[in-house]
Amino acid sequence: MGLHLKVTPHAAFNFAATLDAPCIFFCRNNGYAISTPVHEQYRGDGIAARGSGYGMITIRVDGNDILAVYNATRKARQIALDESRPVLIEAMTYRVGDHSTSDDSSTYRPDGELEHWKTDNPIARFTSYLMNERKCWTEEEETALKADCKKQVIEAFAAAEKRLKPSPSVVFTDVYDEMPPHLQRQQQQMREHITAHKQHYPLKRHEPL
Amino acid sequence: MALICRNAFRHSQSMRKNILSNIKANSLAKRLIHFKFEPDSPPSNVGPTEKMNFLQALTNAMDISLQSDPTTIIFGEDVAFGGVFRCTVGLRKKYGSDRVFNTPLCEQGIVGFGIGAAVAGSTAVAEIQFADYIFPAFDQLVNEAAKYRYRSGGLFECGKLTVRTPCGAVGHGALYHSQTPEAYFAHTAGLKVVIPRSPIQAKGLLLSCIRDDNPCVFLEPKILYRSAEEEVPVGDYTLPLSKAEVLRKGTDVTLIGYGTQVHVLKEVAELAAVEGISCEVIDMVTILPWDVDTVCSSVAKTGRVVVSHESPITGGFAGEVAATIQKECFLNLEAPVERICGYDTPFPHVLEPFFMPDKWRCLQAVKNVVNY
């Protein structure tokens, strides 16, 4: 949610609106910017109200309802293309996980806040819809799917871990379309230095120089 | 349904615990550190000391500023709960939410607000969560903060603004969590730019920056936050800005750096000593305005220089140091000034060990200038 407060979205919204850009701005309002809750990020109940200020058609949707999000996005796409103008979608949701692996959200999340969202989240609700409303999905299938997904992730990890990391020379590629002379010289210096000091560098885990 | 969710939740919790315990088991931090931190002795005549890490020294400095100056305010993204790096832990509770508070996620706003607060009489200590994200505030720092005094002919100024920001390599930070943008700010007349290397410096220099009557950019090498620990004076303690520190006396080569790189250079000096080369090690401490006299006095003696920093070589501050040395010490030089810096590329991720101006690259440069 934090990104909205940066200057970039304001410029993007205004440019898109004034230049009649056929695009969709999809804003996921998950309630937090790391530890900072939205009430310390802005006044008002969300950013939907700001959309009309820029002259944009705006849709607020329950971000935990997959079908609602699908329908809102489909409608937004139709408007953007038919009328050549931007559409803002604000999908209301909640960040159940930590911000990152180095974040511990228990230090700032109010007690009990998480409880509600354990059931009101897109995966739980869509699963419930398939199982209980449409009756086209079962606990067994769900368990099997999860096991299969977990297996795929573990296999992908295992396969990735076996691969060597890129060659140290790659530090200098993709900086420009073509490597300029000063980077060619630096690349050569790096090669010579590492070749002369092999024992100090983790070369075994990398593709050759 | 609920069962599935609980399981999913439990699973993520247990994964998290596994990750945390793996980190502890692998001692990840230690593995990634490319230098050896050796504590300094606390200065004499400054009263009692206490063991503090870099983080605690910063918190302590801010605590003293909040206590001794009723106009001090601390603000930035996530500072209220203690900050993502835990630099402001406990300060909100102690001094209240009017003085220690969160801001919206907008660096331009944080610095702009800080300038306004400083102009209006507050001692403003702003935190930019990562130096890599200071660039949205670049205009505020370069065109507003730095020029406030000059453009008003000394009528107005925002000298009570200090912008703290974590910087530097940590072993896994990649493009957007590793940069040290000192060179951009070194090109900005009106700012002071300071980089501490230790908990003692973190405290003494931060308090100096906070009290200095010029806007300061205070770059904190974040790898030192927890890895550097030493006895730090507990009282009100400041260190002079724009004063370099000679950490090791030597006769053959002058090694110049700042922040984390000072620790690399100290180790290089030890390695060089084994080979019979005597190195003088200088911590520049302040990048702008920098201490030309201390650097040039050393070079006049040694005649050989290696300047080193993590940020890219082209346009890096080592270039400024080298140019000044060749002007001031031309007839003393026995070899061209060597610069060992980051390469002219974005900061790489898994290739960081090859990118860094590590002790082996610096030691080679020492040999080069000696054998020139």
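A residue counts as buried here if 20 or more other C-beta atoms lie within 10 Å of its own, and as exposed if 12 or fewer do. By that yardstick, A:Val69, A:Ala72 and A:Ala76 are the buried residues to look at in helix α3 of chain A. The coordinates come from a predicted model, with an ipTM of 0.89 and a pTM of 0.90.

Helix α3(A) runs over residues 66-83, 18 residues in total. From first C-alpha to last, α3(A) reaches 25 Å, close to the 26 Å expected at 1.5 Å a residue. An α-helix has 3.6 residues a turn, so residues three or four places apart point the same way. That pattern turns up here: A:Val69, A:Ala72 and A:Ala76 are buried, and they sit on the same side of α3(A) because they cover an arc of only 65° around the axis. The other side of the helix carries exposed residues, namely A:Leu67, A:Tyr70, A:Arg74, A:Gln78, A:Leu81 and A:Asp82. As for what lies over the buried side, the cover includes the chain A strands β1 (24-29), β4 (57-62) and β5 (87-92). Just past the end of α3(A) comes A:Ser84, with a positive phi of about 45°.

Zooming out, the domain assignment splits chain A into domain 1 (2-95) and domain 2 (168-205). The C-alpha centres of these two chain A domains lie 44 Å apart.

Chain A also touches chain B, in a contact that takes 38 residues from chain A and 30 residues from chain B. On the chain A side, α4 (113-119), α5 (122-133) and α7 (181-196) each supply at least two residues. The largest share there comes from α7(A), with 6 residues. Sorted by class, this side of chain A has 18 nonpolar, 15 polar and 5 charged residues.

Chain B averages a pLDDT of 92, and 91% of its residues score at least 70. The start of the chain is another matter: over residues 1-29 of chain B, pLDDT stays under 50, and the model has 17 contacts beyond four places in sequence for this stretch. Where pLDDT is low, the predicted coordinates should not be read in detail.

Chain B is likewise divided into domain 1 (49-233) and domain 2 (245-370). Their centres, taken over C-alpha atoms, are 26 Å apart. The contact between them takes 23 residues from domain 1 of chain B and 21 residues from domain 2 of chain B. On the domain 1 side, the elements that give two or more residues are α8 (182-186), β6 (192-194) and β7 (216-221) of chain B. Of these, α8(B) gives the most, with 4 residues. By class, the domain 1 side has 14 nonpolar, 6 polar and 3 charged residues.

Within chain B, helix α11 (residues 260-274) holds B:Val262. B:Val262 counts as buried because 28 other C-beta atoms lie within 10 Å. Leaving out neighbours within four places in sequence, B:Val262 is in contact with B:Arg197, B:Leu247, B:Gly257 and B:Asp283. By contrast, 36 Å separate the C-alpha atoms of B:Val262 and B:Gly154, which are 108 residues apart along the chain.

Further along chain B, helix α12 (residues 292-302) has B:Val295, B:Ser298, B:Val299 and B:Thr302 as its buried residues. Seen down the axis of α12(B), these fall within an arc of 100°, so they line one face of the helix. They pack against β9 (245-248), β10 (253-257), β11 (279-283), β13 (305-312) and α13 (317-328) of chain B. After α12(B) comes B:Gly303, whose phi is positive, near 75°.

Helix α13(B) has 12 residues and reaches 17 Å from first C-alpha to last, close to the 16 Å expected at 1.5 Å a residue. Its buried residues are B:Phe317, B:Ala318, B:Val321 and B:Ile325. These share one side of α13(B) because they cover an arc of only 105° around the axis, while B:Ala323 and B:Lys327 are exposed on the other side. The cover over the buried residues of α13(B) includes α8, β10, β12 (286-288), α12, β13 and β14 (338-342) of chain B.

How values were computed. Residues numbered from 1 in each chain as written. Chains lettered and ligands numbered in written order. Predicted model: local features only at pLDDT ≥ 70, side-chain atom pairs only at ≥ 80, totals over all residues. Contact = placed C-beta atoms within 7 Å. Nonpolar A, V, L, I, M, F, W, Y, C, P; charged D, E, K, R; others polar. pLDDT = per-residue confidence, 0-100. Expected span 1.5 Å × (residues − 1). Arc of directions from axis to C-beta. Domains from an automatic or database assignment.
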